[in-house]
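Hi everyone, thanks for coming. Let me put the structure up on the screen, and then we can walk through it together.

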Amino acid sequence: MRLSAFAKLGTACALTLATVGVAAPAATAAPAGQAVSAAELDAIAAAHPAAARAVSWAKSMVGKSQYHHYCELFVELAYGTSGRFASAKSHYNWQKSNGRLKSGNAPAGALVFMYMNSTYGHVVVSLGNGTAVSTGQKSSKIEILSTAGNAGWADAPSSWPGR
């Protein structure tokens with residue numbers, strides 16, 4: 001699905017929370033020391049090359065204003081694909097129905113699902129240690145946030161190549 005198809009959804013991710021009257025948990029900026037280190041990224045790369053490439057690309061986007069309200073597109077692009085799911089919520093439902101959803105601390109590169117009681121939900125790329133790269137929650141900029149209070153996490157589908 002191209003970006004224009006995502007735009008037809010009208011609104012997504014964080015914007016939906018306001019329109020449906022759902023109060024989102026306050027997103028808190030993660031302390032800089034909790035982000036995945038270069039050594040940790042090397043270890044991830046050895047075990048899961050696609051996840052390491054996704055984390056590297058997602059981190060390179062921090063501070064940019066692209067993909068505001070297009071969280072699903074953002075995580076798919078981090079993994080070198082797009083158009084697999086129309087929203088974070090549809091992706092979450094697929095992961096859940098296939099028994100792939102997990103709880104607990106998500107490893108770096110995992111997809112962390114949040115706000116699944118909203119229309120479109122929200123998905124982020126985990127950096128591990130309870131942090132993730134997220135399309136804007138507090139602003140239109142891509143940022144590093146805490147993943148506390150998430151709805152679960154899953155590994156990206158194995159067919160997603162990574163960048």
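**A salt bridge, a sheet and some rings**

Let's begin with one side chain: Asp155 has a relative accessible area of 35%, so it counts as partly exposed. Please keep in mind as we go that this is a predicted model.

Which side chain does Asp155 meet in a salt bridge? The partner is Lys102, at 2.9 Å from N to O. Lys102 is partly exposed too, with 35% relative accessibility. As general background, side chains of opposite charge can pair when their charged atoms come close. Here the pair ties together distant parts of the chain, 53 residues apart: Asp155 sits in the segment after strand 5, while Lys102 belongs to the loop between helix 6 (88–97) and strand 1. If you are counting, the total is one salt bridge.

Now to the sheet. It is open, with five strands in the order 4-3-2-1-5 and antiparallel pairing. Which strands are at the edges? Those are strand 4 (143–146) and strand 5 (152–154), each of which pairs on one side only. From one strand to the next, the twist averages 40°.

Looking at strand 3 (residues 131–134), you will find four bridges joining it to strand 4, and the two run antiparallel. To pick out one contact, Thr131 has Ser146 in strand 4 as its bridge partner.

Two helices to point out here. Helix 4 (residues 49–60) packs on the sheet, where it touches strand 2 (122–128) and strand 3, and its direction makes about 105° with that of strand 2. Helix 5 (residues 71–78) also packs on the sheet, touching strand 1 (111–114), strand 2 and strand 3; for helix 5, the angle with the direction of strand 2 is about 40°.

Last, the aromatics. How many aromatic pairs does the structure hold? There are seven. In one of them, the rings of Phe85 and Trp94 have centres 5.6 Å apart and planes at 55°, so the pair is tilted. Phe85 is buried, at 12% relative accessibility, whereas Trp94 is partly exposed at 32%.

Phe85 also pairs with Trp160: their ring centres are 6.3 Å apart and the planes are at 55°, which makes this pair tilted. This pair links distant parts of the chain, 75 residues apart, with Phe85 in the loop between helix 5 and helix 6 and Trp160 in the segment after strand 5. Trp160 is buried, at a relative accessible area of 3%. Add Tyr79, and ring pairs link Tyr79, Phe85, Trp94 and Trp160 into a cluster.

That's my tour; over to you.

Key:
Residues numbered from 1 in each chain as written. Predicted model: local features only at pLDDT ≥ 70, side-chain atom pairs only at ≥ 80, totals over all residues. Heavy atoms only, no water. Pairing = 2+ DSSP bridges. Axes fitted to C-alpha atoms, helices over the stretch in contact; angles between N-to-C directions. Contact = heavy atoms within 4.5 Å. Salt bridge = Lys/Arg side-chain N within 4 Å of Asp/Glu carboxyl O. Buried < 20%, exposed > 50% of the residue type's maximum accessible area, 1.4 Å probe, protein only. Phe/Tyr/Trp six-rings, centres within 6.5 Å; stacked < 30°, edge-to-face > 60°.
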